[in-house]
Amino acid sequence: MQEKAMARVIIVGGGFSGTALAIHLARTSSSRLLITVVEPRANLGGGVAYSTQEPAHRINVPASRMQLSGEEQGAFDRWYRQQPECSLDSVAHCEDGAVYPQRSLFGRYLADQFAQAAQAYPHVTLRHVQASAVAWEGEQLLLSNGETLRGDVMALAISHPPPSLPRALQPFSAHPALIANPWQHGVLDAIDPQSSVAIIGTGLSMADVVASFSTRQHRGPLIAFSRRGQLSRDNLSGEWPEWTLAPQQASSARLWLRHIRAEVARAAEQDLPWQRVLDQVRVQGQDIWQSLPLREQQRFVRHLRSWWDVHRYRIAPQVSAVISARRQQGSLKVLAARLSEISDVGNQLQITLRTRDGASQTHRLDHLIVTTGPGHEALTASQPLLQSLSQQGLIRADLLGFGIDVDSQSHTLNVTGQANARLFVVGPAARARFGELMGLPQVADHAAAVAKHILQELQIAPAERCPPSAL
């Protein structure tokens, strides 16, 4: 009997989403499979989040909560404690025993898991092509290194586009005082420790910048501002009982807000922190989101998203301590304000802020740093491959401005709303459909689900085995 031909899967993007998808496919395929991950970075697993070499950038949750699947709880924590960095990085350790490693360590862990999967499943070929995907032409993928790839299925693991510059700042894009993308390598190194700095945005990215300043002994005046002036909240320390949400069948964002507030009050009566309630909302987040009609999802994005973000996306205690110390010293001010005027004064910028109480403040700055986050609303136009697919009508942006429109199995939808059975999206770019799809546990689960759908499309039965404990 003739042997079945090897099926081919192309994964564009080798950050967490793409690497996790490749590993899940290797673990669960029962047939021969060639998995090619297209990623321009030298190592897989890092992506935007975990490729940073900045020592102040730490994972935002304890290492015990970082894993590729629910069955592997604590796997990264155990791996990290065996690395030399665990003993060398004393700041990573908290009094309650939890560890918050530097983010690059989790990227290294993922690369290690990919390498182990490549060895553990001989019927599956895992390979990394270090290049960028530039176009889709004639049923083949064109790469920046001149290579072309053909596959039976392609998955887009493209999650975080570059930051988008606010309109008011676009005329100053080339000004030496403006730092539009603080994640560019070395861009913060040239900032004088005494310089005056303002940061647009007060969320996770702003927290990372302030933490980075602490390693560079920056002591100059620092202002962070956003429309609401909300800071990302702290993570929990210590062990707390789980919380069970009371049943709720609300069909509106307002009713869910009322219900969650009532749950927080009920938890407080039992001396439990609000974080436990929000953690459970996060677990049920996809079901809650998908139960809301589009108009209610749009209302959430317009009115509640910023509040959800600062309570849901929390910061490591080490970063929180840096921010608290600078605020107490008076060298960091956090304002609820909007930018009303900006002008250049030689190598400096002068800005006028309008605070929420109607007052105006004028500041002359050595640097203005943008931390308003990735430009997800422009994802489909953010890089050549997505532009190519969009121009051919093969993909379309979702209606919420989060990323790429997909169906319930994460197939892409074309310009007329038809699903493409051979083209998938994995990771946060699909969150307009699924809801809670930014936190690592949810992204890991989504990668596992997409792997299952891909194998079904390829008519490959899942392997009847558990993943090795070493992986």
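**Stop 1: aspartate 89**

Start by selecting aspartate 89, which sits in the loop between α4 (84-88) and α5. You are looking at a predicted model, so keep that in mind as you click along. Is aspartate 89 buried or exposed? Its relative accessibility is 12%, and buried means under 20%, so aspartate 89 counts as buried.

Now show the side chain of arginine 58 as well. The side chains of aspartate 89 and arginine 58 are joined by a polar contact of 2.9 Å. Leaving out residues up to four places away in sequence, aspartate 89 touches Arg58, Tyr80 and Gln102. Try colouring those three neighbours to see them around the loop residue.

**Stop 2: helix α1 beside α5**

Next, select helix α1 (residues 16-28) and helix α5 (residues 103-120). These two helices pack at an angle of about 25 degrees, and their axes are 10 Å apart. That angle makes α1 roughly parallel to α5. The two helices cross in a left-handed way.

Which residues make this contact? On the α1 side, pick out Phe16, Thr19, Ala22, Ile23, Ala26 and Arg27. On the α5 side, choose Phe106, Leu110, Gln113, Phe114 and Ala117. Sorted by class, the contact of α1 with α5 has eight nonpolar, two polar and one charged residues.

**Stop 3: helix α1 beside α14**

Keep α1 on screen and bring in helix α14 (residues 440-457). Here the axes come within 8 Å and cross at roughly 45 degrees. α1 and α14 are therefore oblique to each other. This time, α1 passes α14 in a right-handed crossing.

To view the meeting place, select Phe16, Ser17, Ala20, Leu21, His24, Leu25 and Thr28 in α1. Their partners in α14 are Leu440, Val443, Ala444, Ala447, Ala448, Val450, Ala451, Ile454 and Leu455. How many nonpolar, polar and charged residues does the contact of α1 with α14 have? By class, there are 13 nonpolar, three polar and no charged residues.

**Stop 4: helix α8**

Leave α14 visible and select helix α8 (residues 274-283). This helix is mostly covered, with eight of its 10 residues buried. The buried ones are Gln275, Arg276, Val277, Leu278, Asp279, Gln280, Val281 and Arg282. What do the buried residues of α8 pack against? Show α7, α9 (285-291) and α10 (294-312), and you have their packing partners together with α14.

**Stop 5: serine 252**

For the last stop, go to serine 252, found in the loop between β10 (222-226) and α7 (253-269). Serine 252 is buried, with a relative accessible area of 12%. A polar atom of its side chain lies 3.1 Å from the backbone nitrogen of leucine 255.

Now add Leu292 and Glu296: serine 252 touches both, when residues up to four places away in sequence are not counted. Finish by picking the C-alpha atoms of serine 252 and glutamine 297. How far apart are these two in sequence and in space? They are 45 residues apart in sequence and 8.4 Å apart in space, C-alpha to C-alpha.

Terms used:
Residues numbered from 1 in each chain as written. Predicted model: local features only at pLDDT ≥ 70, side-chain atom pairs only at ≥ 80, totals over all residues. Heavy atoms only, no water. Axes fitted to C-alpha atoms, helices over the stretch in contact; angles between N-to-C directions. Helix = DSSP H or I, 4+ residues; strand = E, 2+ residues; numbered from the N terminus. Parallel < 35°, antiparallel > 145°, perpendicular 65-115°, else oblique. Left-handed = near helix turned anticlockwise from the far one by under 90°. Contact = heavy atoms within 4.5 Å. Nonpolar A, V, L, I, M, F, W, Y, C, P; charged D, E, K, R; others polar. Buried < 20%, exposed > 50% of the residue type's maximum accessible area, 1.4 Å probe, protein only. Polar contact = N/O pair within 3.5 Å; in protein donor to acceptor, adjacent residues only side chain to side chain.
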